[in-house]
Amino acid sequence: MFTAERIADKADWITTQTGDWEMIIGLEVHAQVASKSKLFSGASTAYGAAPNTHVSLVDAAMPGMLPVLNAFCVEQAVRTGLGLKAQINRFSRFDRKNYFYPDLPQGYQISQLYHPIVGEGELLIEPEPGQTIAVGIERLHLEQDAGKSIHDLDPDATYVDLNRCGVALMEIVSKPDMRSPREAAAYVRKLRALVRYLGTCDGDMEKGNLRADVNVSVRRPGGKLGTRCEIKNLNSMRFIQQAIDYEARRQIGILEAGGTVEQETRLFNTETGETRTMRSKEDAHDYRYFPDPDLLPVKLDEDWLAAIKASLPELPDEKKARFVREFGLSDYDAGVLVMDREKAAYYEEAAEGNDKKLAANWVLNEVFGKLNKEGVAIADCPVSAAANGAIVRMISAGTISGKIAKQVFEICWTEGGDPEKIVEERGLKQVTDTGAIEAMIDEIIAANPAQAAKVKDKPKALGWFVGQVMQASRGKANPKTVNEILRKKLL
Ligand code: MN
C-alpha cells in the first residue's frame, strides 16, 4: 500500500523530449444527499419535475425567510463520514459563501468552510487488479446546490429553474494523492460504490447527482509541486480521465515553452475533449465567508452517533475481505463482486449452499457477462439468483456439463422457468453412464479406423474423437469420462 507522499509509477509518467512529468491530482466530489426534501426547506428534491415547481419561499430567498436544517441530511453526511473512516466533528457550523449567480437568489451559498461536519479520512482504491492505494480524505462538508440556468430554450434569453436550488450536497474533498487519470477514475468508482452501500447518495452521474471537480498540476517526478488548475463539473468516468490527460499535457506544454501555469478554474468541452478558461481562480477570502447568523451550530450527540455507527451495513472493503477469507475467492474476483451492493447480494444468494468459487465464476462470467452484453441492470435480470444457484448445484453434482449449463441459462433468460425442470424435461442430463459412453465410442472408432490408427503417433488427434463423441451425445456425455475411455482405447 502506498501513502500520500509516493511518486507515481513510471508507467504513469508523461514523457516528452525534455524528460518525465508526473501528474498530481485531487478531487472535489459533489454528491447529492439521497433526501426527499432540501437541506434547509421542506421542498421536494424529486428529479424531472416541471421547472420552478419545487421551490419554497426559503429556496427563492424571499425576504424574512429562515432556513431550518434538515436532520436527515446531517445524518447522511455523518454516515458517509463513517464510511470514509473519517473524523466526525462533534461541532460544525454553516457559513455564507457570497457570490452572485442568476440561479442563486440568496446571493450566497450556505456551506461549511471553517467547521466542516467531517474531517480527515481515507478511501482505499484499486486502479489495477491486486494494487491498493490509500487516498486521503481532507474533509466532507454539507452545502446547498444552486439552481439551473437554461441557455438553449430561447436564442435571446436565459431561463432559470430553481428546482435544484437548496438541494443538499456533500462536498467530499480528497488530498492530492492521485497520480494518473486511472487512479482518479478508480477513486470516483469506489466513492460511488461506498455512498450507494450507505444509501446516502444514489451515485447517478448522468443526472448530475455525483459530479467531480478535478484539480490537476504537474511536476518533475518527486519534485516541487506545480500550480494547479481546477476543472469543473465532470459527470462521467470517461470525461474525468480525458480532462485530466488533456489538462496535464496543456500545462506541460506551457512549462516547456518557458511559461508559467496560471491558477484558474477551467471548463471541459465534452465535444472536443479540451479544457478552456472559465475564470481566474479566486481564493476563499474573495467570497467573504462568515458564519450564517440564521443557523445555530450543529452539535452531535454521542448516543445518536453510536446509533448511526451501529446501523451501518457491511461496506465494500469488509465484504471483500470476507469473500477472500471465508469463500476463498481471489482478490480480483472479490473486488469485482463487491463494487455493487446489489451484485454482491445476488452472488451471495446464488452461492448459498454451493461451491463458492464455482458460483463466483459462474455469476461473474455468465450472469454479469450477459447483463453487460444486453445492457440490463442487475435488478432487472430475468434469471433469479436462486435459479443460478440451482444451475451451479447441477454443475457441481455432475448432473449437467458447463456447456449444457450455458444452454439452461439461455433458456431461463429467454423463456423463464425452473432450471431443474428444464434439465429434466428436455433430457439435458449429462451421460455419466460409462457403458453408454463406451458404446458410442466403439461405434465411432469402428467407423473411423484410419483416424484411430493415427492417434498412437499423434496423441493430439484424440481431440477429434472427443469432439465426435460430444456431438453424438449432443453435448451430454461427461467430457472427463469420454477422455478417459478414449485414452484407454486408443493410446
Ligand atoms: Mn462546493
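In this predicted model, the charged end of lysine 370 sits over the ring of tryptophan 413, at 5.2 Å from the ring centre. A second contact of this kind involves arginine 220, which lies over the face of tryptophan 21, 3.8 Å from the centre of that ring.

Rings also pair with one another. A pair of aromatic rings is described by the distance of the centres and the angle of the planes. The structure has 12 aromatic pairs. One of them joins tyrosine 287 and tyrosine 289: the centres are 6.1 Å apart, the planes stand at 70°, and the pair is edge-to-face. Tyrosine 287 has a relative accessible area of 13% and is therefore buried. Tyrosine 289, at 15%, counts as buried too. These two tyrosines belong to a cluster linked by ring pairs, together with Tyr99, Tyr101 and Tyr114.

Another pair consists of tryptophan 362 and phenylalanine 409. Their ring centres are 6.1 Å apart and their planes meet at 90°, so this pair is edge-to-face. Tryptophan 362 belongs to helix H8 (residues 356-374) and phenylalanine 409 to helix H10 (residues 402-415), so the contact ties together parts that are 47 residues apart in sequence. Tryptophan 362 is buried, with 7% relative accessibility, and phenylalanine 409 is buried with 2%.

Next comes the metal site. Which residues are the protein donors of the manganese ion? They are His30, through NE2, and Glu143 and Glu171, each through OE, at 2.0 to 2.2 Å from the ion. Along the chain, these donors follow the spacing H-x112-E-x27-E. Glutamate 143 is in strand S7 (residues 133-144) and glutamate 171 in strand S10 (residues 168-174), so that pair links distant parts of the chain, 28 residues apart. Both glutamate 143 and glutamate 171 are buried.

The cysteines remain. How many disulfides are there? The count is 0. Why is cysteine 73 not bonded to cysteine 201? A disulfide needs two cysteine sulfur atoms within 2.5 Å. The closest cysteine sulfur to that of cysteine 73 is in cysteine 201, 12 Å away, which is too far for a bond. Cysteine 381 is in no disulfide either, as its nearest cysteine sulfur, in cysteine 412, is 10 Å away. Cysteine 73 is buried, at 0% relative accessibility, and cysteine 381 counts as buried at 12%.

Key
Residues are numbered from 1 along each chain as its sequence is written. This is a predicted model: local features need pLDDT of at least 70, side-chain atom pairs count only at pLDDT 80 or more; totals for chains, interfaces and linings use all residues. Side-chain values use heavy atoms; hydrogens and water are left out. Buried means under 20% relative accessible area, exposed over 50%, partly exposed in between (1.4 Å probe, protein chains only). Donors are N, O and S atoms within 2.8 Å of the metal (3.2 Å for Na, K and Ca); water is not among the atoms, so sites may look incomplete. Helices (H or I, at least four residues) and strands (E, at least two) are DSSP runs, numbered from the N terminus. Rings of Phe, Tyr and Trp (its six-membered ring) pair if their centres lie within 6.5 Å; planes under 30 degrees apart count as stacked, over 60 as edge-to-face and the rest as tilted. A charge sits over a ring if NZ of Lys or CZ of Arg is within 6 Å of the ring centre and within 35 degrees of the ring normal.
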